Amino acid sequence: AKSMDIMFAAIKAIVVLALGIILIKTISKIMVKALSKTKLDESVYTFIISVVKIFIYVMLVVILLSIFGVPTTPIITMIGASGAAIALALKDSLSDVASGLIILIKKPFIKDDVILVQNYEGKVVSTDITVTKINTFDGQTISIPNRLITGSILINETNNNARRLDLYFSIAYGDDIARAREVILAIVNMHECVLDEPAAPTVVVAVHGDSAIVLKLMVWLNTVDYYDTKNAINEEVKVGLEEAGLTIPFPQMDVHIVK
């Protein structure tokens with residue numbers, strides 16, 4: 001009788017195992033089909049499917065053990081305790097995973113965006129569940145844990161099509177401000193990538209400095225032209241101001257000696 005019970009238990013276990021495997025494959029196909037129609041990143045729904053499959057496999061093992069009369073309560077308790085211990089030991093990694101899911105779902109940036117985060121600026125190479133990689137402008141590849149990205153201020157420099165460039169130029173107190181403005185705007189308007197919307201290029205007095213009048217140039221550009229145009233205007237304005245007879249002053253101090 002005992003051998004018959006074992007045989008029936010084995011047959012029952014085989015049937016349950018077969019049904020369980022079929023169920024896992026079916027659920028996986030349904031989830032892939034459903035999640036692929038959403039806007040979720042592929043790595044997000046792949047991770048979700050993997051977690052669901054692991055959970056079902058664990059439940060399947062518990063059911064199979066119960067079929068053979070193995071007490072499952074201690075096993076479930078042990079799994080729970082082990083899960084808590086693993087979660088505590090891997091809290092940073094789990095935080096990276098959670099942050100990765102947030103990034104991949106909310107998409108504060110995508111591949112090839114230029115971002116500034118944790119004092120690193122560069123183009124996004126990839127984002128996975130735990131790490132985001134960026135290529136800096138000096139040729140370095142930086143891997144940033146996702147928890148540091150979601151836990152800090154992030155600037156996406158290419159999220160919008162247009163971006164305002166602000167540059168500052170100093171002239172002497174004795175120089176003609178109107179002439180300096182004319183020279184700067186003439187140089188700026190030579191660049192075809194300069195936009196008139198949402199505002200035309202403008203030069204205003206920003207600061208009355210200790211040694212100079214500081215002029216602020218505000219000009220809207222297509223984001224893709226931002227850095228090249230910034231570098232060009234910086235150089236061209238310096239040359240243009242000097243050719244117009246305007247002075248680019250250096251810090252100075254008047255010393256009065258009382259006898």
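# Exercises on cores, helix packing and two loop residues

Of the 22 residues in the largest nonpolar core (buried Ala, Val, Leu, Ile, Met, Phe, Trp, Tyr and Cys residues joined through side-chain atoms within 4.5 Å; buried means under 20% relative accessible area, exposed over 50%, partly exposed in between, with a 1.4 Å probe and protein chains only), F169, I184, L217, I233 and L241 touch the most other members. The model is predicted, so local features need pLDDT of at least 70 and side-chain atom pairs count only at pLDDT 80 or more, while totals for chains, interfaces and linings use all residues. Residues are numbered from 1 along each chain as its sequence is written, and side-chain values use heavy atoms, without hydrogens and water.

**Exercise 1.** Determine which elements each supply at least two residues of the largest core.

*Solution.* Helices (H or I, at least four residues) and strands (E, at least two) are DSSP runs, numbered from the N terminus. Strand 6 (162-171), helix 6 (177-188), strand 9 and helix 7 each meet the criterion of at least two residues. Next, take the member I184: its contacts (heavy atoms within 4.5 Å), not counting residues up to four places away in sequence, are F169, V203, L215, L217, V237 and L241. Finally, a second, separate core has nine residues, among them F109, I115, I142 and I144.

**Exercise 2.** Describe how helix 6 and helix 7 are oriented to each other.

*Solution.* Axes are lines fitted to C-alpha atoms, for helices over the stretch in contact, with angles from 0 to 180 degrees between N-to-C directions. The two axes come within 10 Å and cross at roughly 140°. Angles under 35 degrees count as roughly parallel, over 145 as roughly antiparallel, 65 to 115 as roughly perpendicular and the rest as oblique; helix 6 and helix 7 are therefore oblique to each other. At the contact, A180, V183, I184, I187 and V188 of helix 6 meet I233, E236, V237, G240 and L241 of helix 7.

**Exercise 3.** Establish whether T223 is buried or exposed, and do likewise for K111.

*Solution.* T223 lies in the loop between strand 9 (213-222) and helix 7 (226-243). Its relative accessible area is 12%, so T223 is buried. Beyond four places in sequence, T223 touches E157, T158, N160, N161, A162 and R163.

K111 is placed in the loop between helix 4 (91-106) and strand 1 (114-117). With a relative accessible area of 58%, K111 is exposed. Leaving out residues up to four places away in sequence, K111 touches V124 and V125. The C-alpha atoms of K111 and V124 are separated by 5.1 Å, although these residues are 13 residues apart along the chain.
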